[in-house]
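Open the model in your viewer and keep the selection tool at hand. This tour tells you what to select at each stop and what you will find there.

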Amino acid sequence: MNIPLQEPVIIFGLAVLIFLFFPILMGKLRIPAIIGPIVAGIIIGPNGLNWLARDSTIELLGTVGLLFIIFIAGLELDIDGFKKYRNRSIVFGLLSFSIPLTLGTLVGVYLGFSIPASILLGSIVGSHTLLGYPIVSRLGVTKNKAVTTAIGGTLLTDTLAMLVLAVITGAAEGQLSVTFWAQLIIATALFTAGIFIVTPYVSRWFFRNSNNDGATEFNFVMAILFVAGSIALFAGLQPIIGAFLAGLALNRYIYDHGPLMNRIRFTANALFIPFFLLSVGMLMDLSVLISNPEAWLVTALIAFAVVFGKAAAGFITSKIYGYTVQERKIIFGLSISQAAATLASTLVGYEIGLLNQQTVNAVIVMILMTCILGPYFSEKYARKLSTSPEQAPQTESMPERILIPLANPGTMESLMDLGFVIKKAKGTAEPLYPLSVVQKDLKKASTEVAQAERMLGHSVIYASGADVPVKLLTRVDRNIGRGIERAVAEERITTIIAGWNGQRVGSQKIFGGIIDNFLEHTYQRSLITRIRHPLNTTERLIVIIPNNVAFKPGFEDSISIIKDIAAQLNASLKSYVVRDNLDTYEAVSKRIRPNVPIDFYSSESWESLYEEDLTGIKSNDLVILISARQGTVAWHPELEILPKTLADMNKGSLIVFYPTEMKETDLRGTRGTEVPKELLFRSDYHD
């Protein structure tokens with residue numbers, strides 16, 4: 001086999017394998033997925049194992065990915081949020097761009113770069129990518145003023161970075177005369193005006209007449225993107241300037257959670273942006289870092305310009321507007337990550353000869369560092385911010401509908417019994433929704449669907465004995481977890497009650513593939529149950545509460561349901577609070593109806609919970625663990641092993657109760673990436 005590889009099918013096959021396995025590896029290491037293709041490019045590129053050459057094919061696909069990543073940057077910018085918090089966003093945006101710009105320019109001058117190259121280096125470190133924003137969204141602090149300030153400032157930093165790039169690249173390719181500046185200013189102004197006048201007009205007409213045809217709408221957006229990039233070339237600008245302006249022009253016509261945005265993100269994230277990241281990694285030459293001590297000086301200076309510049313901007317903004325230390329640190333976490341605009345400017349600067357190999361190496365190392373540092377700080381301090389007394393939980397009102405996925409006829413009665421209890425606790429007139437998911441191809445599922453309906457028929461008979469109405473649901477899907485997820489969305493379900501056998505096989509995370517799957521992709525109240533005795537024989541409810549659960553949006557609702565269960569079963573209530581203040585939970589319990597007393601006890605650690613507090617569980621006890629989905633404020637690594645630990649005790653029945661999260665995660669800032677839901681170390685949960 002010839003090395004580097006020449007056969008297109010083999011090249012593409014190797015690239016796809018990289019795009020599949022490296023993000024999985026990054027997830028295992030709790031590192032943002034954006035780093036995976038870059039590291040892969042370093043390893044297999046011409047300066048590594050030399051399996052792949054950075055040839056015209058890689059450059060073509062990488063260029064398309066570059067345009068996509070900048071286009072999506074324009075689409076994702078929160079223009080309305082910027083307008084709402086205009087003054088704060090402008091102040092922070094100017095500081096967050098100008099301070100690193102100044103420091104980066106001084107670093108370039110110190111290293112002997114030309115003035116254009118130095119200013120370009122400054123603009124590279126001046127922009128930022130909101131890589132930590134999905135983490136902040138999951139933790140429910142997106143409405144905090146410090147967070148909205150950082151988000152609004154991104155519009156300014158990205159726009160200024162693109163403007164500086166346009167000027168510097170134009171200056172690098174032309175003579176710095178009055179005629180040149182006049183031509184550049186006129187061409188840029190006409191091009192920008194054309195994009196912002198023509199694109200909205202054409203878009204309004206098109207979307208009114210497109211008949212919601214997904215493929216046609218996607219092709220229209222692609223036409224806008226690449227035509228804008230092409231016209232930018234004729235105007236003497238870089239294509240990415242056109243892509244960014246096209247994204248801004250289409251910003252309010254493409255909804256962030258709409259199907260069109262999903263198609264754009266899917267196409268970009270699955271294929272083209274990974275090719276761009278791979279091509280960037282292939283530029284890096286580790287031998288330069290190893291053999292040349294000066295390379296480490298360049299890397300350290302660029303990293304200093306980013307870290308100090310962004311920290312200083314956050315510090316000054318916080319002093320002006322009176323933000324707390326935690327808010328200042330979350331601004332730093334959101335603004336430190338360098339990805340989209342940084343990668344784009346670096347690649348363009350290298351291709352036009354302004355930046356050398358040593359600088360590219362330093363910038364890539366800085367990107368890898370900040371893509372880890374930013375999400376880590378965002379999670380650490382958003383978690384602290386979400387547990388502050390000022391942070392009010394979010395609420396949402398929906399009709400109470402209870403879904404009960406049924407697969408095992410032997411557990412049907414116990415699940416339905418719990419459904420009756422929850423229905424009464426919520427005081428809803430809605431029917432129960434027993435569900436059977438047929439794991440089969442849609443066109444070959446008729447026999448299995450008939451069998452599923454017969455099994456569901458038994459639930460109708462059982463529910464009629466309790467005079468409870470039901471609405472039977474059947475879904476056909478190759479993935480049972482996805483079938484449950486679809487039913488939840490289609491029927492506007494608020495509660496899911498699912499059975500669990502107490503086993504966890506191999507690499508299964510908590511409960512097993514099906515339950516873990518729908519838990520990860522839903523935010524509704526979920527009760528994962530292992531009922532081992534008739535509910536009406538329950539004498540005592542033992543509730544386990546991890547620390548910070550009180551700050552979850554669905555916590556008070558959960559306590560209300562648990563107290564109502566105890567009232568219906570005429571059972572006593574005992575609760576163990578792990579590493580948290582009992583007064584908080586006692587106060588919540590006193591103001592929540594029904595008026596059922598809870599005896600609260602403090603557990604100093606998870607070890608003492610297992611070894612002392614839970615040793616007295618009896619066979620007719622019902623243990624309820626109030627748990628948390630990964631990435632939310634009350635999550636702790638122990639919650640992944642606790643259900644299996646409780647099941648292995650082989651005493652009593654078990655319900656793992658996941659309170660309602662109330663909202664979807666905002667994915668802005670994750671273009672071309674996936675940020676792990678947890679980046680903290682175990683010790684961080686004990687701070």
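## Stop 1: a covered strand

This is a predicted model. Start by selecting strand 6, residues 540-545. The strand is mostly covered, and six of its six residues are buried.

Now show the side chains. Which residues point one way from strand 6, and which the other way? R540, I542 and I544 point one way. L541, V543 and I545 point the other way. All of these residues are buried.

Keep strand 6 on screen and add strand 7, residues 572-578. The two strands pair in the parallel sense, over six bridges. Pick out R540 and look across to strand 7: its bridge partner there is S572.

How does the chain cross from strand 6 to strand 7? Select helix 22, residues 555-569, and follow the path. The chain leaves strand 6, runs through helix 22 and arrives at strand 7. This β-α-β crossover is right-handed.

Next, add strand 9, residues 621-626. Strand 9 also pairs with strand 6 in the parallel sense, here over five bridges. Choose L541 this time: its bridge partner in strand 9 is L622.

## Stop 2: a loop after the helix

Select N570. This residue sits in the loop between helix 22 and strand 7. Is N570 buried or exposed? The relative accessible area is 71%, over the 50% cut-off, so N570 is exposed.

Check the backbone too. N570 has a positive phi of about 55°, although it is not a glycine. Most residues other than glycine have a negative phi.

Jump to N50 for another case. Look in the loop between helix 2 (35-44) and helix 3 (56-76). Phi of N50 is near 60°, again a positive value in a residue other than glycine. N50 has a relative accessible area of 26%, between the 20% and 50% cut-offs, so it is partly exposed.

## Stop 3: a cis peptide bond

Go to the loop between helix 23 (582-591) and strand 8 (599-603), where P594 is found. Zoom in on the peptide bond from R593 to P594. That bond is cis, with omega near 0°. Most peptide bonds are trans.

## Stop 4: three buried residues

Select T129 first. It lies in the loop between helix 6 (115-126) and helix 7 (133-138). Why does T129 count as buried? Its relative accessible area is 4%, and buried means under 20%, so T129 qualifies. Now follow the side chain of T129: it reaches the backbone nitrogen of A339 at 3.4 Å.

Move on to G281, in helix 12 (residues 259-281). G281 is buried, at 0% relative accessibility. What does G281 touch, not counting residues up to four places away in sequence? The answer is I38, G41 and I42. Then draw a distance from G281 to W51. These two are 230 residues apart in sequence, yet 13 Å apart in space, C-alpha to C-alpha.

The last of this group is N517, placed in helix 21 (residues 513-521). N517 has a relative accessibility of 19% and counts as buried, because the cut-off is under 20%. Leave aside its neighbours within four places in sequence, and N517 is in contact with N479, G481 and R482. Try the distance to N479: 9.3 Å from C-alpha to C-alpha, with the two positions 38 residues apart in sequence numbering.

## Stop 5: the whole chain

Zoom out and select everything. How many helices and strands does the protein chain have? There are 25 helices and 10 strands. The radius of gyration is 28 Å, close to the 26 Å that the globule rule gives for 687 residues, so the chain is as compact as a globular protein of that length.

Turn the model around. The C-alpha atoms fill a box of roughly 90 × 55 × 55 Å, taken along the principal axes. Buried residues make up 58% of the 687 residues. Show the surface: the chain exposes about 28,800 Å², and carbon and sulfur atoms supply 58% of that area.

Finish with the contacts. Take those in the chain with a separation of 6 or more. Residues 24 or more positions apart account for 83% of them.

Technical notes. Residues are numbered from 1 along each chain as its sequence is written. This is a predicted model: local features need pLDDT of at least 70, side-chain atom pairs count only at pLDDT 80 or more; totals for chains, interfaces and linings use all residues. Side-chain values use heavy atoms; hydrogens and water are left out. Helices (H or I, at least four residues) and strands (E, at least two) are DSSP runs, numbered from the N terminus. Buried means under 20% relative accessible area, exposed over 50%, partly exposed in between (1.4 Å probe, protein chains only). A polar contact is a pair of N or O atoms within 3.5 Å; within protein, one must be able to donate a hydrogen and the other to accept it, and residues adjacent in sequence count only if both atoms are side-chain atoms. Two strands pair if DSSP finds at least two bridges between them. A crossover is right-handed if, with the strands pointing away from the viewer, the path from the first strand over the helix to the second runs clockwise. The radius of gyration is taken over C-alpha atoms; the globule rule is 2.2 Å times the number of residues to the power 0.38. Contact means heavy atoms within 4.5 Å. Accessible areas come from the Shrake-Rupley method with a 1.4 Å probe; for residues, only the protein chains shown count as cover.
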